[in-house]
Amino acid sequence: MLDADFFRRWLIMSTALVDQEAGRLTELDSAIGDADHGSNLQRGFAAVTAALERETPATPGAVLVLAGKELIATVGGASGPLYGTLLRRAGKALGDAPEVTPEQFADALRAGVAAVAQLGGAKPGDKTMLDALEPAVAALEDTTASFAAARDAAEKGAQGTTPLQARKGRASYLGERSIGHQDPGATSSALLVAALAEMVE
Ligand code: ADP
Ligand code: MG
């Protein structure tokens with residue numbers, strides 16, 4: 001079973017990985033965007049970690065809803081509302097249960113990913129964060145919630161964005177010139193899923 005502390009530690013681990021990889025995320029965003037994805041997420045996740053320390057939410061759902069709210073409030077770029085929606089929607093799907101199974105968490109993430117697709121209007125193949133999130137959730141569903149399988153699927157999905165032409169977000173303004181670069185948001189999504197796998201290893 002996964003309790004509030006598991007989700008808090010997941011987000012703190014994500015904050016550490018985002019800090020570690022911020023330079024790379026911003027570099028990817030400088031190729032096909034406006035060079036702020038690393039700093040956007042650093043600011044957002046620092047706020048998430050601070051809020052979790054300040055408020056100590058008691059359930060998995062409350063942890064995710066609080067984190068989503070902080071991302072929406074602190075990240076100016078497109079990724080803030082999108083990641084915020086992912087976590088908030090997943091948190092709402094978990095309700096107020098004190099502990100959840102990995103399968104319930106996978107179902108909640110499925111709801112979160114659907115909300116991201118609805119908000120941003122993107123589909124897999126459009127060269128966005130969904131190209132990592134969608135295969136990660138599919139892997140959780142196919143493997144009775146193996147976080148390691150999700151990590152591998154997300155990483156493969158992120159790498160698979162390189163040959164794609166962006167159809168959503170700032171990178172889409174580049175048209176064919178977006179081809180040949182890995183999507184920053186898919187790359188950060190793979191990091192968040194990698195943090196999840198690290199939690200159970
Ligand atoms: P901005 O593009 O506003 O500067 P960021 O640089 O923080 O915001 O985030 C860019 C990332 O957001 C992209 O690499 C992409 O993965 C994701 N993104 C942008 N638009 C969408 C969308 N409509 N749907 C899903 N993801 C999107
Ligand atoms: Mg950007």
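**Which glycine, with a positive phi, follows H4?**

Before the solution, some ground rules: this is a predicted model, where local features need pLDDT of at least 70, side-chain atom pairs count only at pLDDT 80 or more, and totals for chains, interfaces and linings use all residues. Residues are numbered from 1 along each chain as its sequence is written, chains are lettered from A and ligands numbered from 1 in the order in which they are written, and side-chain values use heavy atoms, with hydrogens and water left out.

**Exercise 1. Solve the opening question, then check the span of H4.**

Step 1. Glycine 95 comes after H4, and its phi is positive, near 60°. Helices here are DSSP runs (H or I, at least four residues), numbered from the N terminus.

Step 2. H4 has 16 residues. The expected span of a helix is 1.5 Å times one less than its number of residues. For H4 that gives 22 Å, and the distance from first C-alpha to last is 23 Å, close to the expected value.

Step 3. Now look for its buried residues, where buried means under 20% relative accessible area, exposed over 50%, and partly exposed in between (1.4 Å probe, protein chains only). In H4 they include Leu82, Tyr83, Leu86, Leu87 and Leu94.

**Exercise 2. Do the same for H6, and find what its buried residues pack against.**

Step 1. The 13 residues of H6 should span 18 Å at 1.5 Å a residue, and the end C-alpha atoms are indeed 18 Å apart.

Step 2. Among the buried residues of H6 are Leu130, Leu133, Val137 and Leu140.

Step 3. The buried residues of H6 pack against H4, H5, H7 and H8. Contact means heavy atoms within 4.5 Å.

Step 4. After H6 comes threonine 144, with a positive phi near 45°.

**Exercise 3. Find residues that have a positive phi although they are not glycine.**

Step 1. A reminder first: most residues other than glycine have a negative phi, and most peptide bonds are trans.

Step 2. Go to the loop between H2 and H3, where threonine 56 sits. Threonine 56 has a positive phi of about 35°.

Step 3. Then try the loop between H6 and H7, home of alanine 145. The phi of alanine 145 is positive, about 65°, and the residue counts as buried at 11% relative accessibility.

**Exercise 4. Track down the aromatic pairs and work out their geometry.**

Step 1. Searching the whole structure turns up 5 aromatic pairs. The rule is that rings of Phe, Tyr and Trp (its six-membered ring) pair if their centres lie within 6.5 Å; planes under 30 degrees apart count as stacked, over 60 as edge-to-face and the rest as tilted.

Step 2. Take phenylalanine 6 and phenylalanine 7: 5.3 Å centre to centre, with 80° between the planes, an edge-to-face pair. Both phenylalanine 6 and phenylalanine 7 are buried.

Step 3. Next, phenylalanine 105 and phenylalanine 147 have ring centres 6.2 Å apart and planes at 75°, so this pair is edge-to-face too. The pair links distant parts of the chain: phenylalanine 105 belongs to helix H5 (residues 102–120) and phenylalanine 147 to helix H7 (residues 147–159), 42 residues apart.

Step 4. Check burial: phenylalanine 105 is at 0% relative accessibility, and phenylalanine 147 has a relative accessible area of 5%.

Step 5. Put it together: Phe6, Phe7, Trp10, Phe105 and Phe147 make up one aromatic cluster.

**Exercise 5. Describe the largest nonpolar core.**

Step 1. A nonpolar core is a set of buried Ala, Val, Leu, Ile, Met, Phe, Trp, Tyr and Cys residues joined through side-chain atoms within 4.5 Å. The largest one has 55 residues, and those with the most contacts inside it are Phe7, Trp10, Leu11, Leu64, Phe105 and Phe147.

Step 2. H8 gives the most to this core, with 9 residues.

Step 3. Zoom in on phenylalanine 105: leaving aside neighbours within four places in sequence, its contacts include Leu2, Leu64, Leu94 and Leu196.

**Exercise 6. Identify the donors of the magnesium ion (ligand 2).**

Step 1. Donors are N, O and S atoms within 2.8 Å of the metal (3.2 Å for Na, K and Ca); water is not among the atoms, so sites may look incomplete.

Step 2. Asp29 (OD), Asp34 (OD) and Asp36 (OD) coordinate the ion, at 2.0 to 2.3 Å. Their spacing along the chain is D-x4-D-x1-D.

Step 3. Aspartate 34 is partly exposed at 32% relative accessible area, and aspartate 36 is partly exposed at 21%.

Key: Helices (H or I, at least four residues) and strands (E, at least two) are DSSP runs, numbered from the N terminus.
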